[in-house]
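Please look through the structure shown here with two places in mind, a pair of packed helices and a single residue in a strand, which the paragraphs below take in turn.

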Amino acid sequence: MTSGTEDVISVDDLVLILPVSDPGRQPEVRAQPIRLSLSIYHDITEAARADDLNCSVNYASICSTLESWLPRMRHLSLEDLVASSFHCIFDHHAEVDKAGIVVSQESSPFQPACLACKATRTRNGEKETPVEFILEGLKCMTIIGVNPDERTHEQPLFLDVAIRKRSERKQGEPFPFCDLFASISDHSSSSRFGTLEAFAFSVARHVAMEFTQNADEEVMVRIAKPMALPHAKSACISISRKREHFALTPPRQTSPVSASPGCTSLQQLLHSRDSPTDRSRSSSTVHTVAIALGSNLGDRFANIEMALRLLEVPQALLEDLDNGAQVTVIDTSFMYETAPMYVTDQPRFANCACTVETNLEPVTLLGVLKKIEDVVGRVPTIHNGPRAIDLDILTYDSERIDTRPEDKRYDLQNLTGELVVPHPRLAEREFVLRPLNDMIPDFVHPVLGKTIRTLLNDILLARRVDEPPMLKVLPFPKYPFIATPTPYGFPSVPPTAKYWIISSTDSTGKPGPHTTHIMATLNVTPDSFSDGSMHDTVPAALKYVRTSVESGAHIVDVGGYSTRPGATFVSENEETDRVIPIINAIRAQESEDIANVLISVDTFRWKVAEAAVQAGANCINDVYAFTGPDYPLVQASAEHFLQMRDVARRLSVPVVLMHSRGDARSNKDYSDYHGNLVSAIQSELGDKVQAIVRGAGGVRRWLVIVDPGIGFSKPADAQYTLLSRAASITADEPGNRLIGYPLLIGTSKKSFLASILQRPDSVGTYKGRKSGPEGRIWATAATMACAVQQGANVVRVHDVLQMRDVVATSSAIWNGLDS
């Protein structure tokens, strides 16, 4: 029996094989190893004086009791196992008045993380300490650190998170470990903090606000950073907080490193522009939902764009929704063309996915999606048959939802009019998992306990050799197009002119052969570095377009403002007056091949871009990636960004986003990246691309092409290495925000090529020569061959016929004759 003194007799890590449910799998149980640690609170004074075990507690006897009784019981949760352990001890050992128990489930679905539950009880049932629910050893990959090289690549952190709760949970209601794991993983993967202090505070705040309700409940977070110090195992931060600590604004995250010390990031400028009302609205409680979209009837890409626009006007679709109903698209995947599944005798599908933030409940949101299917034109056909649009809720936060009666949940044949989330066939569909992987690869499936990335890898390992590949595609809208009003508050969606196959997958799901598209460069300026005044009249421009199209150009890039160093300033009106007549003339040609050729407008001005698209351009090519010519970025950069993004979003046109640092001749110091241009591009252009694609008002991910900006603000010699590593820019590497984007390479006749031609041979008689643009054609050809080998999806050239031959031959060498 205890007295005023509390000594502790402990047994550490007793391993028992017990029938315990995995999180999210109740009431199913499986026999698995459980570690149980026991603390018996007992005054050992008498036993010490007498040196007699009979005066103490026989811990071996207590362990035998636990080993005998616990395997006979079904334990639906760790908390249930803790309660059963207390009953065994107090029912069979009268000498014990107070005990503490920790049970750990190390073969959990969240390995290497383990789950634990900890509690202390007295014989009369009083809780001496709050129950602790523990997630230990969770590994997260995230951007963390203040050093420049830490801002470009993710690194591992290990998290221990414990939640102390005094209040009793409802009988049979297990602690939501699945939700906790998924929520922390998602929160961590999207964070970009500079310090462990800010990151730990952010995780504690997130967990406290999402997983505690009462003032006396506490969250403890410990974070270890193994890569912090070269000669230490790790650096750590440990904090404890309650909800009341988080009345203040959450910590601001560090943006990727700027081009030079003291630069203001794009995110900071956009944040400073938001009003307090905007920020409070964005922090209101909402649900994050992943939705799949597919179409294989009619204009597939226009159908999907129409559905996305309808998603954001739920009140226009369902009359009984209140004025506060909101759905906001915050991210989209790439677009894919896929073979039909289940019913194969039907057209190929266009498939993608989006994530939305909404305050609608799941069943109400399902009603909105069904209404969208009616509006866009879904005609009920056979199950899994053709449809103009099909929308499915894939995930809703980390919840598990099944609206069917319990006695109808034994199979998947009775889903009509019901909602099951996560989508019951999600894990068997590559055309669903691949788009999800574009957006939320580290999201943990609430039932299966695996990340989206893992589920995709699993399905690729089981892929049959004869399965048709998924194709990543890029649709171009048809302009000029006269939009008409719709009953839903937005204008009609432009039809599709053409679409490109950007990449394919082989039988294992890995990248297959690709097509390199040719962009012809039409400068309608008097002072372009390569062809100034050659094509600045309508007849001359049309002649170039006709020759380029006949030579194999897939798209013509029309520019009215030279970006060469020292170019004369051109007003917005003058630039518009240069490009619009050319675009009009192209669209008016009798030859369908010429009249229907894709056109991009090379401009960084949103008014010029909008006018050009309305006249007939299908794409915007912006050398400043929407932020304008100022460098470092200023507040006007944010204003410029928002205007340009709005134009691209409203007109649904692809955009080419180039890495640059203002004036092409300047800002060539990349010492912050140790001279690594690939890392600099991934960071600086990735910062802009992420802001363009993600969040409210974002451009669809499938409409973005990235350009590393060869010849713009980069050391001449380093650009050869950059070309040889171009594939790394969009490679699937941790921390890279440019993963998977189509890549454009533009090297045609640029001045950096002249430097290599001017060098004399170290062995031989060549003395070197100065070369103008026309003398760099063969040097350009070499870079085109390299671009094809590096997987470029588009090359921007002046001499179409010659470079088409280079691309065709290089493609045959690197990708095969059928590429």
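A crossing of two helices is called left-handed if the near helix is turned anticlockwise from the far one by less than a right angle, and right-handed if it is turned clockwise. In this predicted model, the crossing of α16 and α17 is right-handed. Helix α16 spans residues 606–615 and helix α17 spans residues 635–651, and the two pack at an angle of about 15° with their axes 9 Å apart. Because angles under 35 degrees count as roughly parallel, α16 is roughly parallel to α17.

The contact between these helices is made, on the side of α16, by W606, A609, E610, V613 and Q614, and these meet Q643, M644, V647, R650 and L651 of α17. Sorted by character, the residues of the contact of α16 with α17 divide into 6 nonpolar, 2 polar and 2 charged.

The second place is S295, which lies in strand β9, a strand that covers residues 287–295. Is S295 buried or exposed? With a relative accessible area of 0%, S295 is buried, since buried means under 20%. Its side chain makes a polar contact with the side chain of N303 at 3.2 Å, and the side chain of S295 also reaches the backbone oxygen of A388 at 2.5 Å. Leaving aside residues up to four places away in sequence, S295 touches R300, N303 and I304, as well as R348, F349 and A350, and also R387, A388 and I389. Both partners of the S295 side chain named above, N303 and A388, thus appear among the residues that S295 touches.

Key:
Residues are numbered from 1 along each chain as its sequence is written. This is a predicted model: local features need pLDDT of at least 70, side-chain atom pairs count only at pLDDT 80 or more; totals for chains, interfaces and linings use all residues. Side-chain values use heavy atoms; hydrogens and water are left out. Helices (H or I, at least four residues) and strands (E, at least two) are DSSP runs, numbered from the N terminus. Buried means under 20% relative accessible area, exposed over 50%, partly exposed in between (1.4 Å probe, protein chains only). A polar contact is a pair of N or O atoms within 3.5 Å; within protein, one must be able to donate a hydrogen and the other to accept it, and residues adjacent in sequence count only if both atoms are side-chain atoms. Contact means heavy atoms within 4.5 Å. Axes are lines fitted to C-alpha atoms, for helices over the stretch in contact, and angles run from 0 to 180 degrees between N-to-C directions. Angles under 35 degrees count as roughly parallel, over 145 as roughly antiparallel, 65 to 115 as roughly perpendicular and the rest as oblique. Ala, Val, Leu, Ile, Met, Phe, Trp, Tyr, Cys and Pro count as nonpolar, Asp, Glu, Lys and Arg as charged, and the others, Gly among them, as polar.
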